Amino acid sequence: MLGTVNRVLIALAGLLLLALGGSVLAVGLGAPSPSWWIHQGRHDVLLTTAERTHWRAEGWWWPTVLAALAVLFLLALWWLTAQLRRRRLTEVLVDTGDGENALLRGRALETVLAADAARQEGVSHAQAVLRGTRTAPEVRVWLQLEPDVAPGEALDTLTAQALTHARDSAALRRLPAEVRLTSVKHRAERVT
């Protein structure tokens with residue numbers, strides 16, 4: 001979701017800056033401006049003194065300005081913390097069965113899961129990334145399949161072997177997975 005929010009915010013900011021900058025540049029270079037446009041000529045200012053001080057005496061003006069700025073500040077702070085958050089799960093909480101818990105490194109589980117998936121027949125390369133929380137991890141798996149492998153069979157084998165093995169070894173009740181399948185690019189075979 002964060003990637004979508006980033007793309008939308010960057011696109012909106014870019015379009016706004018492009019429209020405003022282009023129109024100010026066009027008017028500054030002598031292009032005629034429409035009657036509704038904020039600039040009427042080359043030497044026109046963005047806000048006149050009267051426009052800047054028009055609402056100062058109103059009782060609602062400053063609370064509204066401060067509330068809008070506070071909302072913008074909180075949105076910017078949320079966006080910044082979302083950027084700095086880790087994308088990968090660093091550790092998984094494992095119930096050892098004796099009332100204690102152990103921590104399993106996330107990279108270790110990813111490496112073992114990818115190695116198990118790469119060992120299955122017809123898979124040329126596999127990669128795994130853990131996400132979610134320490135108590136409820138989720139995994140994303142990318143499999144690169146050989147040209148003659150059926151995707152359904154590869155997915156069934158991954159689910160029955162590698163994912164089940166990872167779930168059982170980490171003592172997890174469930175391990176939701178998103179699997180992306182691609183095929184190895186190869187040249188066309190010659191028929192003689």
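## A spread-out chain with a small mixed sheet

Buried residues make up just 19% of the 192 residues in this protein chain. Keep in mind that what you're looking at is a predicted model.

**Overall build**

The chain has five helices and five strands, and going along the sequence they come in the pattern α-α-α-β-β-α-β-β-α-β. Its radius of gyration is 29 Å, well over the 16 Å that the globule rule gives for 192 residues, so the chain is more spread out than a compact globule. The C-alpha trace spans about 75 × 65 × 20 Å along the principal axes. As for surface, the chain exposes about 14,500 Å², with carbon and sulfur atoms supplying 61% of that. Among contacts with a separation of 6 or more, 46% are between residues 24 or more positions apart.

**The sheet and its helices**

Three strands make an open sheet, ordered E3-E4-E5, with mixed pairing. E3 and E5 are the edge strands, each pairing on one side only. On average, neighbouring strands here are turned by 15° against each other, ignoring direction. E3 and E4 run antiparallel and are joined by nine bridges; within that stretch of the model, His125 stands opposite Gln144 in E4.

Two helices go with these strands. Helix H4 packs on the sheet and touches E3 and E4, its direction making about 150° with that of E3. Helix H5 lies across E4 and E5, running at about 135° to E4.

| Helix | Residues | Strands involved | Angle |
|---|---|---|---|
| H4 | 106-119 | E3 and E4 | about 150° with E3 |
| H5 | 151-169 | E4 and E5 | about 135° to E4 |

**The nonpolar core**

In soluble globular proteins, nonpolar side chains tend to be buried together. Here the largest nonpolar core has 22 residues, and those with the most contacts inside it are Leu113, Val139, Val141, Leu143, Leu158 and Leu163. The elements giving two or more residues to this core are H4, E3, E4 and H5, and H5 gives the most, with five.

So what does Leu163 touch, leaving out residues up to four places away in sequence? The list is Leu113, Val139, Val141, Leu158, Leu175 and Ala177. Placing some of these is easy: Leu113 falls in helix H4 (106-119), Val139 and Val141 sit in strand E4 (137-145), and Ala177 belongs to edge strand E5 (177-183). Leu163 itself is in H5 (151-169), the helix that lies across E4 and E5.

Technical notes:
Residues numbered from 1 in each chain as written. Predicted model: local features only at pLDDT ≥ 70, side-chain atom pairs only at ≥ 80, totals over all residues. Heavy atoms only, no water. Pairing = 2+ DSSP bridges. Helix = DSSP H or I, 4+ residues; strand = E, 2+ residues; numbered from the N terminus. Axes fitted to C-alpha atoms, helices over the stretch in contact; angles between N-to-C directions. Contact = heavy atoms within 4.5 Å. Rg over C-alpha atoms; globule rule 2.2 N^0.38 Å. Buried < 20%, exposed > 50% of the residue type's maximum accessible area, 1.4 Å probe, protein only. Areas by Shrake-Rupley, 256 points an atom, 1.4 Å probe, with all protein chains shown as cover. Core = buried A, V, L, I, M, F, W, Y, C linked by side-chain atoms within 4.5 Å.
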